[in-house]
Amino acid sequence: MVEFNYMTEAGLYAGKRLRGVAGPRYRRFETAAEAVRFAIEEMPERQLRGSVLEVDEARFDDGQIRMLYDDPGYPLGRRGE
């Protein structure tokens with residue numbers, strides 16, 4: 001994977017709206033690492049599908065968000081570690 005700066009500000013556009021779940025469709029994070037962790041650990045998987053992470057005008061889809069989370073260079077602890 002190309003070098004990715006996890007410490008850059010990021011925006012997360014949530015995917016498909018779930019029935020009965022009222023929440024923001026867009027959320028801003030101080031770091032991309034926090035946005036990635038939120039997307040993988042906090043969002044329902046159905047909502048993760050179709051989500052987009054935006055970092056420095058680059059966009060990452062749900063599959064790429066998963067790859068960023070699984071990357072050995074991911075700087076935050078993962079759930080279950």
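Author: Two strands pair if DSSP finds at least two bridges between them. Helices (H or I, at least four residues) and strands (E, at least two) are DSSP runs, numbered from the N terminus. The model is predicted: local features need pLDDT of at least 70, side-chain atom pairs count only at pLDDT 80 or more, and totals for chains, interfaces and linings use all residues. Residues are numbered from 1 along each chain as its sequence is written, and side-chain values use heavy atoms, without hydrogens or water.

Reader: What is the order of the four strands in the open sheet?

Author: Strand 1 pairs with strand 2 in the antiparallel sense, over four bridges. Strand 1 also pairs antiparallel with strand 3, over three bridges. Strand 3 and strand 4 are antiparallel too, again with three bridges. The order in this open sheet is 2-1-3-4.

Reader: Which strands stand at the edges?

Author: The sheet is open, with antiparallel pairing. An edge strand here has a single partner, so one side of it is left without a neighbour in the sheet. The edges are strand 2 (26–29) and strand 4 (58–60).

Reader: Which residue of strand 3 stands opposite Tyr-13?

Author: Tyr-13 faces Tyr-26 in strand 2. In strand 3, Tyr-13 stands opposite Val-52.

Reader: Which side chains of strand 3 are buried?

Author: Buried means under 20% relative accessible area, exposed over 50%, partly exposed in between (1.4 Å probe, protein chains only). In a regular strand the side chains alternate between the two faces of the sheet. Strand 3 alternates: Val-52 and Glu-54 point to one face and are not buried. Pointing to the other face, and buried, are Leu-53 and Val-55.

Reader: At what angle does helix 3 run to strand 4?

Author: Axes are lines fitted to C-alpha atoms, for helices over the stretch in contact (heavy atoms within 4.5 Å), and angles run from 0 to 180 degrees between N-to-C directions. Helix 1 (residues 32–42) lies across strand 1, strand 2 and strand 3 (52–55), at about 20° to strand 1. Helix 3 (residues 62–70) lies across strand 1, strand 3 and strand 4. Its angle to strand 4 is about 90°.

Reader: Is Asp-56 buried or exposed?

Author: Asp-56 lies in the loop between strand 3 and strand 4. That hairpin has two residues between its strands, and Asp-56 takes a positive phi near 50°. At 62% relative accessibility, Asp-56 counts as exposed.

Reader: How far apart are the C-alpha atoms of Asp-56 and Thr-8?

Author: Thr-8 is in the segment before strand 1 (10–13). Thr-8 is buried, at 13% relative accessibility. Leaving aside neighbours within four places in sequence, the contacts of Thr-8 include Glu-30, Val-55 and Asp-56. Asp-56 and Thr-8 are 48 residues apart along the chain, but the distance between their C-alpha atoms is 7.7 Å.

Reader: How many aromatic pairs does the structure hold?

Author: Rings of Phe, Tyr and Trp (its six-membered ring) pair if their centres lie within 6.5 Å; planes under 30 degrees apart count as stacked, over 60 as edge-to-face and the rest as tilted. One cluster takes in Phe-4, Tyr-6, Phe-60, Tyr-69 and Tyr-74. The number of aromatic pairs in the structure is six.

Reader: Why is the pair of Phe-4 and Tyr-6 edge-to-face?

Author: Both Phe-4 and Tyr-6 are buried. Their ring centres are 4.8 Å apart. The pair is edge-to-face because the planes stand at 75°.

Reader: What are the planes of Tyr-69 and Tyr-74 to each other, in degrees?

Author: Tyr-69 is buried at 6% relative accessibility, and Tyr-74 is buried at 5%. The ring centres lie 5.2 Å apart. The pair is tilted because the planes are at 55°.
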